[in-house]
Amino acid sequence: PLWQRPWFMIVTGLLLLCIIYFLVKLREKRQQEFTQLEQERMNFEYEHLKSPVNPHFLFNSLNTLTNLIEEDAGAAVTYTERLSDLYKNILAYRNRDLIALREDRNILSSYLFVQRSRFGAALQVEFDVSEALLNKKIVPMCLQMLVENAVKHNIVSITQPRCIKIGSV
């Protein structure tokens, strides 16, 4: 029979070795991709942790607070509470991989309060997401990072107001 011939056994053995080699290489490639994704995630988390503590952000927040203290002490207290909420949320969610979109929206509201105190009506954010999506899991603070980047890399002023729309497709 054909399968008992030496050349057939050699070809079958070589074919089997090639398949094993291919599977090992495929596994190594997937492991390398996973390691790269994990490294990118860690870099993202590191950059994210740096951003709210960024001296520029803190400088702007304290200047806004100083102005509020001079103008309206009650508003200054509210501003301080919301700024405190923002930092509390950063600490609470930094070690979690995923949170509900609803929770991330609440973090975003504290961040937006701080930024709106600085920019006033020049910064507008529309959040239009269906109720069903609010329980979906996302990376913590990603909405805040998106809005922060939109503010950081664009002009936000009364003459050039910035409207950011967050919604589902």
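How many residues does helix α4 have, and how far does it reach from its first C-alpha to its last? Helix α4 covers residues 101–119, has 19 residues and reaches 25 Å. The expected value is 27 Å at 1.5 Å a residue, and the helix comes close to it. That expected span is 1.5 Å times one less than the number of residues.

The model is predicted; local features need pLDDT of at least 70, side-chain atom pairs count only at pLDDT 80 or more, and totals for chains, interfaces and linings use all residues. Residues are numbered from 1 along each chain as its sequence is written, and side-chain values use heavy atoms, with hydrogens and water left out.

The protein has five helices and four strands. Both kinds of element are DSSP runs numbered from the N terminus: helices are H or I with at least four residues, strands are E with at least two. Along the sequence the order is α-α-α-β-α-β-β-α-β.

The overall dimensions were computed next. The radius of gyration is 26 Å, whereas a compact globule of 169 residues would have one near 15 Å. The radius is taken over C-alpha atoms, and the globule rule is 2.2 Å times the number of residues to the power 0.38. Along the principal axes, the C-alpha atoms fill a box of roughly 95 × 30 × 30 Å.

Of the 169 residues, 28% count as buried. Buried means under 20% relative accessible area, exposed over 50%, and partly exposed in between (1.4 Å probe, protein chains only). The exposed surface is about 11,800 Å², and carbon and sulfur atoms supply 61% of it. These areas come from the Shrake-Rupley method with a 1.4 Å probe; for residues, only the protein chains shown count as cover. Among contacts between residues at least 6 apart in sequence, 75% join residues at least 24 apart. A contact requires heavy atoms within 4.5 Å.

The side chains include 20 positive and 18 negative ones, and the centres of the two sets lie 9 Å apart. Lys and Arg count as positive, Asp and Glu as negative; His and the chain ends are not counted. Each charge is placed at NZ of Lys, CZ of Arg, CG of Asp or CD of Glu.

Several residues of α4 are buried, among them Leu 101, Ile 107, Ser 110, Val 114 and Phe 119. Gly 120 follows the helix with a positive phi near 65°. Phe 113 also belongs to α4. Its relative accessibility is 26%, so Phe 113 counts as partly exposed.

Helix α3 (residues 73–93) holds Asn 89. Arg 82 is in α3 too. Contacts run from both residues to α4, leaving aside residues up to four places away in sequence: Asn 89 touches Ile 107 and Ser 110, while Arg 82 touches Ser 109, Ser 110, Phe 113 and Val 114. Phe 113 in turn is in contact with Thr 78, Tyr 79 and Arg 82. Arg 82 and Ser 109 are 27 residues apart in sequence and 9.0 Å apart, C-alpha to C-alpha. Asn 89 counts as buried because its relative accessibility is 15%. Arg 82, at 24%, counts as partly exposed.

Met 141 lies in the loop between β3 (137–138) and α5 (142–152). Its phi is positive, about 70°, although Met 141 is not a glycine. Most residues other than glycine have a negative phi. Met 141 is buried because its relative accessibility is 2%.
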